[in-house]
Amino acid sequence: MRQMKTPLFSGLLEHANRNPIQFHIPGHKKGMGMNPAFREFIGENALSIDLINIAPLDDLHHPKAMIKEAQELAAEAFGADHTFFSVQGTSGAIMAMIMATCRPGDKIIVPRNVHKSVMSAIIFAGAVPIFIHPAMDERLGISHGITVKAVQKALEAHPDAAALLVINPTYFGIAGDLREIVRTAHNYEIPVLVDEAHGVHIHFHEDLPISAMQAGADMAATSVHKLGGSLTQTSILNVREGLVDVDRVKTVLSMLTTTSTSYIFLASLDMARQHLALNGKMLVEQAMQLANKARDLINEIPRIYCVGKEILGKPATFAMDPTKLLIHVRDLGITGWEVENWLRDKYNIEVEMSDLYNILCFVTAGDTEESILALVNALRELSVEFAHVQAEEMPTISLPNIPVLSTTPRDAFYAETETIPLTEAAGRVIAEFIMVYPPGIPIFLPGEVITEDNISYIQENIRVGLPVQGPEDESLKTIKVIKRQTAISG
């Protein structure tokens with residue numbers, strides 16, 4: 001029954017109902033000091049709780065009352081020893097995990113396909129990344145997670161690592177054997193940090209991949225806003241005591257968090273936790289039924305394939321979240337990007353993501369039979385409209401060798417740089433990021449040594465039309481490298 005409580009939201013409502021005269025920020029003073037058109041659109045209720053950390057409302061940086069209780073309830077709901085609210089998104093929580101466990105020069109084992117917030121945190125911490133290649137699915141053109149075998153190999157080579165970071169589940173809803181990965185790392189007394197940006201709901205249904213806390217992980221940055229019903233930008237950081245210094249986590253999280261925390265955001269986390277704790281299984285079941293219906297109907301459409309449980313059974317595909325609809329359109333002879341634009345223009349449908357071969361759609365309890373059928377019917381028409389198009393041989397998705405790291409990403413990021421032609425860059429140390437989609441795995445990260453093989457890989461991807469992201473020169477004729485120091489002569 002404790003999970004029925006909403007201390008943060010209820011406390012905010014009580015404060016708003018007292019209707020105090022405000023001589024503190026925000027300056028709009030319950031909306032009266034803002035553009036009337038925006039006030040009318042947002043509404044009085046929302047503006048009445050757009051408040052800051054005055055004494056009656058507790059303080060996210062030093063919680064002692066309603067925020068403390070709300071976080072304790074969240075920890076109970078997610079099976080954590082401690083849960084901290086993040087108004088800096090999951091990116092902020094990921095940065096806090098890494099910066100709380102890694103000091104300058106420490107090694108951290110990470111998949112090569114990590115979110116950019118992971119690399120940002122590695123730069124800030126001055127850590128040294130040890131990369132594991134994720135398993136590739138060449139047919140779909142996507143990357144999955146990392147395998148237990150790859151983790152064991154990395155730990156044997158680097159038993160002094162400060163942490164291991166795992167993505168669970170992936171953006172596409174695929175999970176590896178997280179429990180065994182955690183057990184393997186804990187044999188070396190190395191904490192496991194989990195990027196759980198796309199897995200807030202998996203904790204609440206036994207037919208989904210196990211959550212980070214269920215697997216025994218030490219920390220998990222879990223996005224509540226993506227699939228858990230809170231407002232955009234809100235996430236939580238779940239922590240288990242033992243291999244992690246909880247006080248240091250608090251300190252780092254506070255360093256990364258605005259002092260003007262949004263109470264609307266915080267209240268949405270409190271209410272989303274209550275909803276998930278009380279109704280999570282029902283909500284997930286509803287979403288799974290809708291998604292499975294969509295999958296079955298989509299797979300009846302000629303030349304369109306929606307990925308299902310047949311993908312499971314390999315070391316990196318241990319479990320899947322069926323609420324993610326990964327729809328493969330390669331056989332239509334058009335790209336996923338073209339499908340995304342077609343759905344927008346013809347049916348006013350917006351998808352989560354598209355790439356060369358696929359589109360990705362998320363199904364949640366916010367969906368209905370009508371929204372599912374709208375997507376299916378649109379895809380049926382898509383198949384008819386492009387029935388005459390001959391599917392061309394698409395470029396094969398492959399991964400180049402991971403370059404040698406010459407200096408830490410932080411030192412490379414802050415180094416003096418120069419711009420030189422890509423064709424002349426072999427042997428130099430890169431100072432920027434280069435990534436090719438698909439599969440969205442970095443080819444180069446700051447501090448790595450450029451090789452002829454990787455230059456050829458980039459040029460081949462440009463030639464076949466795959467987009468390259470990251471470098472300042474988007475044409476990739478030039479590249480930014482660390483400037484060589486020349487001796488000063490007398």
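Helix H7 keeps Val151, Ala154 and Leu155 buried, and viewed down the helix axis its buried residues fit within an arc of 100°, so they line one face of the helix. Lys149, Lys153, Glu156 and Ala157 sit on the other side of H7 and are exposed. Keep in mind that this is a predicted model. From H7 we can walk into the sheet it packs on, then over to the nonpolar cores and a handful of backbone oddities.

**Helix H7 and Val151**

- An α-helix has 3.6 residues a turn, so residues three or four places apart point the same way.
- The buried side of H7 packs against four elements: strand E2 (107-111), strand E3 (128-132), strand E6 (163-167) and helix H8 (178-186).
- Val151 belongs to H7, which covers residues 148-157.
- Is Val151 buried or exposed? With a relative accessible area of 1%, Val151 is buried, since anything under 20% counts as such.
- Leaving out residues up to four places away in sequence, Val151 touches Ile132, Ile146, Leu164, Ile181 and Thr184.
- Val151 and Pro111 are 40 residues apart in sequence, yet their C-alpha atoms are 9.6 Å apart in space.

**Strand E6, covered on both faces**

- Five of the five residues of E6 are buried, so the strand is largely enclosed by the rest of the structure.
- In a regular strand the side chains alternate between the two faces of the sheet.
- Which residues of E6 are on which side? Ala163, Leu165 and Ile167 are on one side, Leu164 and Val166 are on the other, and all of them are buried.
- E2 and E6 run parallel and are joined by two bridges, with Ile109 standing opposite Leu164 of E6.
- E6 is also joined to strand E8 (residues 192-196), by four bridges, and this pair runs parallel too.
- Within that pairing, Leu165 stands opposite Leu193 of E8, while Leu164 has Val192 of E8 as its bridge partner.

**The seven-stranded sheet**

- The sheet is open, has seven strands in the order E1-E10-E9-E8-E6-E2-E3, and its pairing is mixed.
- Why do E1 and E3 each have one side without a neighbour in the sheet? Strand E1 (82-86) and E3 stand at the edges with a single partner strand each, so one side of each is left without a neighbour there.
- On average, neighbouring strands of this sheet are turned by 20° against each other, direction ignored.
- H7 packs on the sheet by touching E2, E3 and E6, and the direction of H7 makes about 145° with that of E3.

**Nonpolar cores**

- In soluble globular proteins, nonpolar side chains tend to be buried together.
- The largest nonpolar core has 40 residues, and Leu8, Phe85 and Leu266 touch the most other members.
- Elements giving two or more residues to this core are helix H1 (7-18), helix H4 (66-78), helix H9 (224-227), helix H11 (263-298) and strand E15 (358-362).
- Where does this core lie relative to the domains? Domain 1 (2-277) and domain 2 (281-386) both give residues to it, so the core lies between them.
- Beyond its neighbours within four places in sequence, Leu8 is in contact with Met66, Ile67, Ala70, Phe85, Tyr263, Leu266, Ala267 and Asp270.
- Another core, of 34 residues, lies apart from the largest one, and Ala96, Ala100, Ala221 and Val246 are among its members.

**Backbone oddities**

- Most residues other than glycine have a negative phi, and most peptide bonds are trans.
- Ile25 and Pro26 are joined by a cis peptide bond with omega of about 5°, and Pro26 is in the loop between H1 and helix H2 (36-42).
- Asn19 is also found in the loop between H1 and H2, and has a positive phi of about 50° although it is not a glycine.
- The bond from Asn168 to Pro169 is cis as well, with omega near -10°, and Pro169 is in the loop between E6 and strand E7 (174-175).
- Leu476 has a positive phi, near 60°, in a residue other than glycine, and is found in the loop between strand E19 (468-469) and strand E20 (478-482).
- Although it is in a loop, Leu476 counts as buried, at 4% relative accessibility.

Technical notes
Residues numbered from 1 in each chain as written. Predicted model: local features only at pLDDT ≥ 70, side-chain atom pairs only at ≥ 80, totals over all residues. Heavy atoms only, no water. Buried < 20%, exposed > 50% of the residue type's maximum accessible area, 1.4 Å probe, protein only. Contact = heavy atoms within 4.5 Å. Arc of directions from axis to C-beta. Pairing = 2+ DSSP bridges. Core = buried A, V, L, I, M, F, W, Y, C linked by side-chain atoms within 4.5 Å. Domains from an automatic or database assignment. Axes fitted to C-alpha atoms, helices over the stretch in contact; angles between N-to-C directions.
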